[in-house]
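This report introduces the structure shown below to a reader who has not met it before. Strand pairing is treated before domain layout.

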Amino acid sequence: MAVKVHPDCRYTKSHEWVRMEGEHAYAGITDYAQTQLSDIVYVELPEPGDSFSQGEIYAVVESVKAASDCYLPVAGEIVEINEELEDTPDLVNQDCYGEGWFVRILVEDPDEVEDLMDAEEYRQFAEEAEEEGAH
Amino acid sequence: MTEPIIYELGAPGRCAARLPDLDVPRAELPPAPLLRDDLNLPEVTEGDLMRHYVHLSQMNHGVDVGFYPLGSCTMKYNPKINEDMARLPGLVETHPYQPEETVQGNLRLMYELQEALKAITGFTAVSLQPAAGAHGELAGVLMIRNYHQSRGDTQRTLMLIPDSAHGTNPATTAMAGFEMVELKSDNRGNVDLDDLRAHLSDRVAGMMLTNPNTLGLFDENILEITRLVHEAGGLMYGDGANMNALLGITKPAETGFDVMHLNLHKTFSTPHGGGGPGSGPVGASPALAEFVPGPIVYAEEALIAEDEVDAENGNGNNAADSPSEYHRGTWYSLRMPPQSIGRLKSFYGHFGVMVRAYTYIRMLGAAGLLEVTEAAVLNANYLQVILKEVYPLSYDRTCMHEFVLRGEVEEAPDIRALDISKRLIDYGMHPPTNYFPLIVPEALMIEPTETESKRTLDAFVDAMTKIAEEARTNPELLHEAPHKAPVTRLDEVRAARNLILRWQPDGE
C-alpha cells in the first residue's frame, strides 16, 4: 500500500506531522497512522494555553481497534484546537493533512521542525514500518 | 433484535406476585424528595419474565455452548463440581461479620488456597484480596511503590513495559503514579535486551512483564531480564494472565519475579463475569511479602477451647497434656501483614470464587495441574502448526498456550481480521481476540485451552480453512457476516461515535 504524504509537512517517527505557517505550526497524525488505527471514533485534545515539550504526549486518539497516544512534534504552546473533531472525528480518516488537523502551536524553536523527516524521508520510513509489521 | 426489551413486554398493572392485604399498621413514609414515583419499572408476569431471560441466555455464547478460543482470556470449561461446592449450605450461609471462631472452616479454606497458590508460584506470601486481574496488578504496583518509599528511594518513578503488554499494564502504572516507558520487542518476540539496557537507571521502579507474553511466547531471556532489572535496583512485576502455560513446569518466583497476580477466573476455572465476579490474588517474593494487601489468613498452633468450635477442626487432638476442655489444633485468623498497602476490597475478597478455585486445585492435585498446562500448550501448538499454512504467522516459534495469526488472506486484500472473526460466529464458534497484541497487524489471538478435544480443534481448523476459501471466492459473505446470529453485522464505528447508553421509551 502506498503511503500518502504532504509535501509541505515534516514528520516524526511516531507518525505525526507538523506544518509551519509563520511562527505557528499545525500538527496532526499521518495517513499511515490513520490507516493503521482504522475508523477513528474519538480524539482527546489538550486545552488552548497548555504547553508541551517536544515528544510529550498531548493527545489521545481512539479507534474501534485501539487507543493511542500522540506526541507533539515540536515544543510550544497550544493556541488553538480543532473543535470540529469533537463531533466529526472521521475528518482524521478523510483528510488527515487538512480538515483533520489536531492543534495549532506557537512554536518555541523553529529549528526543531527542520530536524524532523521531510516528506520523502518519511514516506520511505513508513513503507519500511509497514513491511516490518508484516515480517 | 429478535427479543424485545423487558419494558416493551409489560403492561400497566401486570405483576408477578400478589401481596396479601395489609394487616399491620401503615408506617409513615419518608418525606417527598427521598421517594420517587417517576421510576419506570417493567410490569410483567413471572412467566414473561422467565421466558425473556431464557431467550436472552439462548442468544449468548459461552463455554457451555461452544468453542471459545478468546486469546489471553483462558476460556476453559468450568467443571460443575466447582458450583456444587460453592453452593454448600455451610459456606453459603455464613457472613463476613460473623466472629472468627464461627467461620474457622471458611478461613481454613482461604488459608489452604493461599498455601496452594504459594506452592504453584513459589512466592512467600499470597493475598486473596484483589477482585480481578487488573485489581491484582494495581496491588502489585502499589506494593512496589511502597517498597521503594519505605527505603527512602523516592526518585524511582519509571515503570518499564514491553510493547506486547496487556493494556491494563500502562493503566495500572498511571493509576499508581508512575511514568510508563515502553520497551520494544525483538524479531523473535522477546523483550529487546538492548532496549531494556538502554532504559535501566536508578529512576526505574520496576518492570511489568507477562511471561509467556501476549504472543504466546516464553521469553527466552527471562533470567537475564530479571537479573538486569534487579541489578538496577528495580523490581519485577509479573502479569499472571498467562499462568495456564506454566503450572507445574516453572514457578514465576524462580524466574525472578517479585510480585505477580493470578487470575482465578482464567487459570483456575472460575466463571468470567456473568456467573460470578473475578478474583486476582497477588503473590510476593520475600522482599515484598510484608506489603501484600490485607487482611490475609494466618494459621497457628493453639490450644482451642472446645466450646469455641462447633466441630472438630483441622488436625486437633485430645492429647493428655491438654486440659480436658481444650485441645491442641490449628487456629485461623485474619490479620493485616506488617507493612501492608492496606485493604483493596470490602471484607475478604470474593469468597465464592475462592471456593471454586480451591475445588479445582484440590480435584486436580499437582499432577493434574501439570497435565492442564501440558495439554493447553499441546493444543495451541497443534492449531498453530496447521493454521500457519492458512494464515500468516508473524513470530514462527513453538508457542505456549496461545498464538497470534494475522487475519489476512492472499488474493483477498479487502478481508480483515474482523471479517474472519464475524464469519466464525456463523460456524458456532466464538471469535479469537482481535487486533491485540498491537505489534501484530490484523491480529487474531487464539487460545484453545486444555479442555478442548482434538475433535473440536479439528472443527476449528476446518472452519478457519473454509473461511479463507470463502474470502477468496465470496468476500461479501465475510463482509456481511455474521448471518446466523440474532443480529447481523453491527456498525461498531457508529456505535462508538454516537454513544447511546440508555434505552428510552418512545416519545421521551
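In which sense do strand 3 of chain A and strand 9 of chain A pair, and over how many bridges?

## Strands 3 and 9 of chain A

The model is a predicted one. In it, strand 3 of chain A (residues 24-29) and strand 9 of chain A (residues 103-107) are paired in the antiparallel sense, over 4 bridges. Within this pairing, A:Tyr26 has A:Arg104 of strand 9 as its bridge partner.

## The six-stranded sheet

Strands 3 and 9 of chain A belong to an open sheet of 6 strands, whose order is 1-2-3-9-8-5 and whose pairing is antiparallel. At its edges stand strand 1 (10-11) and strand 5 (51-52) of chain A, each of which pairs on one side only.

In general, the strands of a sheet pair through backbone hydrogen bonds, in either a parallel or an antiparallel way.

## Strands 4, 6 and 7 of chain A

Strand 6 of chain A (residues 57-63) runs antiparallel to strand 4 of chain A (residues 40-44), and 4 bridges join the two. Here A:Val43 is found opposite A:Val61 of strand 6.

Strand 6 of chain A is also joined by 5 bridges to strand 7 of chain A (residues 67-71), again in an antiparallel arrangement. A:Ile57 stands opposite A:Tyr71 of strand 7. The connection from strand 6 to strand 7 of chain A is a hairpin of 3 residues.

## Domains of chain B

Chain B is divided into domain 1 (6-59), domain 2 (79-120 + 296-335), domain 3 (122-295 + 339-349) and domain 4 (366-496). Between the C-alpha centres of domain 1 and domain 3 of chain B, the separation is 47 Å.

Notes. Residues are numbered from 1 along each chain as its sequence is written. Chains are lettered from A and ligands numbered from 1 in the order in which they are written. This is a predicted model: local features need pLDDT of at least 70, side-chain atom pairs count only at pLDDT 80 or more; totals for chains, interfaces and linings use all residues. Domain bounds come from an automatic or database domain assignment. Two strands pair if DSSP finds at least two bridges between them.
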